[in-house]
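User: I would like to go through this model term by term and ask what each label rests on.

Analyst: Please show the structure, and we can set each value against its criterion.

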Amino acid sequence: MGKVLIIGAGGVGTVVAHKMAANPGIFTDIMLASRTKSKCDAIAEAVGGNKIKTAKVDANNVPELVKLIESFKPDIVVNVALPYQDLTIMEACLQTKTAYLDTANYEPENEAKFEYSWQWAYHERFKEAGITAILGCGFDPGVTSIYTAYAAKHHFDEIQYLDIVDCNAGDHGKAFATNFNPEINIREVTQKGKFWEDGQWKLTEPHEIHKPLNYPNIGPKESYLIYHEELESLVKNFPTLKRARFWMTFGQEYLTHLRVIQNIGMASIEPVVYEGKEIVPIQFLKAVLPNPGELGENYTGETSIGCRIRGMKDGKEKTYYIYNNCSHEVAYKETGAQGVSYTTGVPAMVGAMMYLKGLWKENGVFNVEEFNPDPFLKEVAEQGLPWIELHDVDLEL
Ligand code: NDP
C-alpha cells in the first residue's frame with residue numbers, strides 16, 4: 001500500500017521497523033535511515049528476510065534529507081530520531097511534498113524547553129503543499145491523546161478534568177537507567193512541574209506535588225506531577241477542560257540518582273572545556289549510562305499508562321478510566337526492545353498505517369487527537385496494545 005522512510009535507529013526505531021515489517025500488506029517498501037548506519041543494518045538483520053533497506057543520514061542536514069527522500073520517494077517519513085531533528089525533517093518533507101509523523105515535539109538542543117509553537121507554525125505551509133503532518137504519535141503523547149479524544153467522542157457530553165497517569169513498574173536490574181534517550185528523558189523530568197487549571201498554566205517546583213495512585217495489576221505507586229507535552233495540545237483541542245495534569249511514577253532510588261546528577265552538574269546542557277575539548281555534560285552522561293535500547297533482555301514487570309477523566313454525561317457527573325498495561329518481557333520477545341520503546345513504536349507504526357489507509361489524511365499539521373480515534377484504537381489493540389475501559393470508578397484524583 002505504501003513506502004515508508006523511518007529515521008532513527010534507537011529503541012523506538014527498532015520497534016517501528018519490526019512492526020512495519022510484520023505488516024507487509026500496508027508497508028510494502030521500508031527504509032530505515034539514521035546517523036549510524038551500522039545500527040540500521042543490525043535492526044534490518046534482526047528483522048530478517050531482506051525486508052528493510054538501510055541508509056545513513058544526518059537528520060540535522062536538510063539537503064541530505066531531501067536527497068535521501070528524493071531517491072527513495074517514500075509516501076510518509078516516520079521521525080523517531082530525537083526531538084532536535086523535528087524541524088529539519090519537517091522542512092525536508094515540505095520541500096519534497098512528503099507526509100510526516102513524529103512522537104515527540106521539537107526541542108532546541110541548546111535550550112531545555114519544548115513546545116508545539118515551532119511545529120504548529122508549519123501548518124499553513126503543509127496545507128498549501130497538500131501534505132499531512134501527524135504530531136505526537138507515540139504513547140504519551142499519542143495514545144493518551146487519542147484515549148482523550150475517544151472519551152470525548154463516545155462517553156461524555158463535556159470532559160472537564162483530565163489526569164494522564166503513567167506508571168512504569170518494570171525492573172531492569174540496573175542501579176540507574178532511563179527508558180528512552182537519557183538526554184531527552186533527564187531534560188524532561190528535571191524541569192518545573194506545570195498543569196492547566198481554570199484557564200491558566202500553574203507552575204510547581206520539580207516533583208513538588210506527589211501522591212500514591214493505584215495502577216491496575218500493579219498496586220499503589222508514588223506518582224509525581226510533571227509537565228508533559230500533550231497537555232499543551234489537549235487543552236487547546238478540548239477547551240471544556242477545567243483542569244489537565246500529568247502524573248508519572250518514580251522510585252526513590254531513581255529520584256536520588258537524579259538529584260545527585262543535577263547537584264554535581266551532570267544534567268547541564270552548557271558546554272564545558274575538558275582537556276581542550278568542549279563537552280556537554282548531559283551528552284557525556286548519556287555516553288556512560290546504559291543504552292535504553294539494550295535494557296530489554298532482563299526487564300521484568302509492566303507499564304500502565306492511561307487517562308482518568310471526569311465530566312458530564314446526560315446532565316450527570318461521570319468518571320472514566322481507560323488504560324493499557326504492557327509487559328516488558330512480552331515486548332522484548334516480540335521485537336527485542338523493552339516496553340517503553342514498544343509502547344512508543346507500535347502507535348507510531350499504527351499512525352503511519354492510518355495515513356496510508358487514507359483514514360488520517362488532511363492537509364496541514366495536526367496533533368493526533370484531531371483525527372478520528374476509532375480506527376486507530378481498533379488497530380492499536382490488534383497490534384499489541386489492547387486497552388481497557390472502566391466506568392464510574394474512583395479516580396483517586
Ligand atoms: P534513542 O536515543 O535510542 O534513538 C535515537 C536515534 O536517533 C538514534 O539511532 C540516533 O542515532 C538517531 N539520531 C540522533 N541524532 C540524529 C541525527 N542528527 N541524524 C540521524 N539520526 C540521528 O532514542 P529512542 O529510540 O528512545 O527515542 C526516539 C524518539 O522517541 C525520541 O524523540 C523520544 O523523545 C521519543 N519518545 C516518545 C515517547 C512517546 O510516548 N511519545 C516515549 C519515548 C520516546 P545514533 O544511533 O547515531 O545515536
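User: Which residues are buried in helix α3 (residues 62–72)?

Analyst: In this predicted model, the buried residues of α3 include Leu65, Leu68 and Ile69. They span an arc of only 95° around the axis, and therefore they lie on the same side of α3. As background, an α-helix has 3.6 residues a turn, so residues three or four places apart point the same way.

User: What covers the buried residues of α3, and which residues are exposed on the other side?

Analyst: The cover includes the strands β1 (2–7), β2 (27–34), β3 and β4 (76–79), together with the helix α4 (86–96). On the other side of α3, Pro63, Glu70 and Ser71 are exposed. The residue Lys73, which follows α3, has a positive phi, near 55°.

User: Why is Ile6 counted as buried or exposed?

Analyst: The label buried asks for 20 or more other C-beta atoms within 10 Å. Ile6 has 33 C-beta neighbours inside 10 Å, and therefore Ile6 counts as buried. Ile6 sits in strand β1, and, leaving aside residues up to four places away in sequence, Ile6 touches Gly13, Val16, Ala17, Ile30, Leu32, Val78 and Val80. One of these contacts, Val78, is 72 residues from Ile6 along the chain, while their C-alpha atoms are separated by 4.7 Å.

User: How do you know whether Phe246 is buried or exposed?

Analyst: By the criterion of 20 or more C-beta atoms within 10 Å, Phe246 counts as buried because 25 C-beta neighbours lie inside 10 Å. Phe246 belongs to strand β12 (residues 243–249), and, not counting residues up to four places away in sequence, Phe246 touches Ile164, Ile226, Tyr227, His228 and Leu231. Ile186, by contrast, is 60 residues from Phe246 in sequence and 17 Å away in space, C-alpha to C-alpha.

User: What makes Asn50 and Asp198 count as exposed?

Analyst: The label exposed requires 12 or fewer C-beta neighbours within 10 Å. Asn50 has 8 of them inside 10 Å and so counts as exposed, and Asp198, with 7 inside 10 Å, therefore counts as exposed as well. Asn50 is placed in the loop between α2 (37–47) and β3 (52–56), whereas Asp198 is in the loop between β8 (193–197) and β9 (200–204).

User: What is the phi of Asn50, and what is the phi of Asp198?

Analyst: Asn50 has a positive phi near 50°, and Asp198, which is not a glycine either, has a positive phi of about 50°. For context, most residues other than glycine have a negative phi, and most peptide bonds are trans. The peptide bond from Asp140 to Pro141 is cis, with omega near 10°, and Pro141 is found in the loop between β6 (132–135) and α7 (143–154).

User: Why is the ligand said to lie between two domains?

Analyst: Both domain 1 (2–135) and domain 2 (143–335 + 384–391) contribute residues to the shell around the ligand, and therefore the ligand lies between them. Of the 34 residues around the ligand, those that come nearest are Gly10, Val12, Ala59, Gly138 and Phe180. The helices α1 (11–21) and α13 (339–356) each supply at least two residues of this shell.

User: How many residues of each class are in the shell around the ligand?

Analyst: The shell holds 15 nonpolar, 15 polar and four charged residues, with glycine placed in the polar class.

How values were computed
Residues numbered from 1 in each chain as written. Predicted model: local features only at pLDDT ≥ 70, side-chain atom pairs only at ≥ 80, totals over all residues. Near = placed C-beta within 6 Å. Helix = DSSP H or I, 4+ residues; strand = E, 2+ residues; numbered from the N terminus. Domains from an automatic or database assignment. Arc of directions from axis to C-beta. Contact = placed C-beta atoms within 7 Å.
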